[in-house]
Amino acid sequence: MKGLALRARARVVVAVAAIGVATLPIGAQNSAQTDVQSAVTAAFAKYQGLKEGKNADYIPALAHVDPNLFGIVVIGRDGKAYSAGDVGKEVSIQSISKVFTMARVIQDQGPEAIEKTIGVDATGMKFNSIVAVEQAYKLAGGPEMNPLVNPGAISATSMVQGPTADAIWNRIIGTYNDFAGRSLSVLQDVYKSESESNQRNQAIGMLMHAYGYIKQNPGQATDLYTRQCSIGVNAKDLAMMAATLAFGGRNPVTGKQAISAENVPYVLAVMATAGLYDDSGKWLYHTGLPAKSGVGGGIIAVAPGKFGIAVVSPPLDDAGNSIRAQKAIADIVKALNLNPYASKPSRALGASQ
Ligand code: DON
């Protein structure tokens with residue numbers, strides 16, 4: 001009896017993942033919602049006490065963020081949020097911002113603009129590697145990089161168009177606001193701290209200018225990039241941004257089309273190959289989902305047509321990815337069967353019954 005009930009429950013979980021909660025009949029919806037909330041609650045309980053990793057400190061303000069901060073949010077097609085922990089506390093968005101600036105450029109200039117100017121290949125190196133720039137330029141002989149590592153991201157920011165720096169900034173933050181469904185703002189202490197300590201990014205901006213990836217104003221591009229990284233977001237904002245990508249580029253609560261549906265797969269493809277930097281392969285191996293991390297401690301993951309997922313927890317591993325966020329999302333993906341590479345064996349036509 002218990003086995004039957006468990007199997008029935010497992011079928012509901014698979015059904016939730018396959019068709020999303022909102023399209024189920026009411027009774028099944030309630031049970032499906034319970035399953036999503038259970039997965040979130042279980043992941044929170046399991047990793048709340050985990051003390052591995054350490055806050056980023058190469059940006060001094062990040063070292064002072066509470067390392068115990070831990071929030072998980074999953075948002076489905078109907079915009080309903082399933083959450084646990086500190087979901088309203090803001091951290092700086094950091095590299096997760098790169099996804100949305102890339103989305104802006106793809107939307108305005110088409111997917112080939114990013115492919116031809118920056119490239120869409122994983123570097124397999126650290127997010128701020130200068131060797132990766134040299135390798136892409138000298139060895140590969142062209143734009144074999146991507147907009148999710150710092151050199152590609154500063155270049156992508158330089159591609160956002162506008163007559164003045166303020167106009168470009170409004171276009172950038174306006175895009176993030178559409179994804180999040182609310183007005184975001186810069187965490188000034190983080191912006192100041194990062195501006196005072198970003199000499200390496202300034203050098204990267206100059207190098208990208210020298211190699212022709214950035215056409216003009218490399219200093220302005222690096223400053224706007226630093227500002228975009230300092231935008232404050234909480235776990236719910238991040239999950240909403242992920243959910244907007246999960247549902248055809250339209251915010252599931254406000255209904256605002258942040259980017260067109262046909263451009264979403266390009267954004268997700270780069271997230272899948274480069275979203276967790278040199279650990280992107282490991283991440284994909286375990287979850288199968290496009291994702292993006294930031295040194296502020298956030299990670300977003302996108303289950304297309306199903307859920308936007310976000311976790312915030314500042315302590316990072318050596319690759320710069322939040323440890324609790326990676327573990328919690330991987331558990332939720334397993335519990336809800338969200339790995340798109342998972343399938344059931346077919347009933348082979350020739351097989352005997
Ligand atoms: O440019 C930097 O180094 C930071 N503003 C962003 C780096 C980052 O978030 C890498 N992500 N895991």
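Biologist: Leaving out residues up to four places away in sequence, which residues does Met-271 touch?

Modeller: Keep in mind that this is a predicted model. Met-271 sits among the residues that touch the most other members of the largest nonpolar core. With residues up to four places away in sequence set aside, Met-271 touches Val-99, Leu-148, Leu-245, Pro-290, Ala-291, Lys-292, Ile-300 and Val-302.

Biologist: And that largest nonpolar core, which helix gives it the largest share?

Modeller: The core holds 78 residues, and Phe-100, Ile-231, Leu-238, Met-241, Leu-245, Val-267 and Met-271 touch the most other members. The largest share of this core is 9 residues, and they come from helix 12 (residues 235–246).

Biologist: How many residues are in the other core that lies apart from it?

Modeller: Nonpolar side chains in soluble globular proteins tend to be buried together. Here, another core lies apart from the largest one, with Phe-70, Ile-72, Ala-291 and Ile-332 among its members. Its residue count is 28.

Biologist: Now strand 1: why is it largely enclosed by the rest of the structure?

Modeller: Look at both faces of strand 1: Gly-71, Val-73 and Ile-75 are buried on one side, and Ile-72, Val-74 and Gly-76 are buried on the other. Strand 1 (residues 71–76) is largely enclosed because its buried residues number 6 of the 6.

Biologist: Which residue in strand 2 is the bridge partner of Val-73?

Modeller: Strand 2 (residues 81–85) pairs with strand 1 in the antiparallel sense, over 5 bridges. The two strands form a hairpin with 4 residues between them, and Gly-79 in the turn has a positive phi of about 85°. Within that pairing, the strand 2 partner of Val-73 is Ser-83.

Biologist: Which residue in strand 7 is the bridge partner of Val-74?

Modeller: Strand 1 also runs antiparallel to strand 7 (residues 307–312), and 6 bridges join them. For Val-74, the bridge partner in strand 7 is Ile-309.

Biologist: Let's turn to the empty spaces. What is the volume of the largest cavity?

Modeller: Searching the whole structure turns up 1 cavity of 30 Å³ or more. Its lining is made of Tyr-58, Ile-59, Gln-94, Ser-95, Lys-98, Phe-127, Asn-150, Glu-194, Asn-201, Tyr-225 and Val-295. By class, that lining has 5 nonpolar, 4 polar and 2 charged residues. The volume of the largest cavity is about 60 Å³.

Biologist: Which helix gives the most to the lining of the largest pocket?

Modeller: The largest pocket has a volume of about 360 Å³. It is lined by 15 residues, with Lys-282, Trp-283, His-286, Gln-326 and Lys-327 closest to its centre. Two or more lining residues come from each of helix 14 (280–287) and helix 15 (323–335). The one that gives the most, with 6 residues, is helix 15.

Biologist: How many charged residues does the lining of the largest pocket have?

Modeller: Split that lining by class and you get 5 nonpolar and 2 polar residues. The charged residues number 8.

Biologist: Which elements give two or more residues to the lining of the second largest pocket?

Modeller: This pocket holds about 290 Å³ of space. Its lining has 20 residues, and Ser-158, Met-159, Val-160, Gln-161 and Gln-216 lie nearest its centre. The elements that give two or more are helix 7 (150–159), helix 8 (165–180) and helix 11 (218–229).

Biologist: And how many charged residues are in the lining of the second largest pocket?

Modeller: The lining of the second largest pocket has 9 nonpolar and 10 polar residues. Its charged count is 1.

Methods
Residues numbered from 1 in each chain as written. Predicted model: local features only at pLDDT ≥ 70, side-chain atom pairs only at ≥ 80, totals over all residues. Heavy atoms only, no water. 1 Å grid on protein atoms, 1.4 Å probe; cavity = no way out; pocket = protein on both sides within 12 Å on 5 of 7 lines; lining within 4 Å. Points joined across faces, edges and corners; volume = space filled by probe spheres on them. Nonpolar A, V, L, I, M, F, W, Y, C, P; charged D, E, K, R; others polar. Core = buried A, V, L, I, M, F, W, Y, C linked by side-chain atoms within 4.5 Å. Buried < 20%, exposed > 50% of the residue type's maximum accessible area, 1.4 Å probe, protein only. Contact = heavy atoms within 4.5 Å. Pairing = 2+ DSSP bridges.
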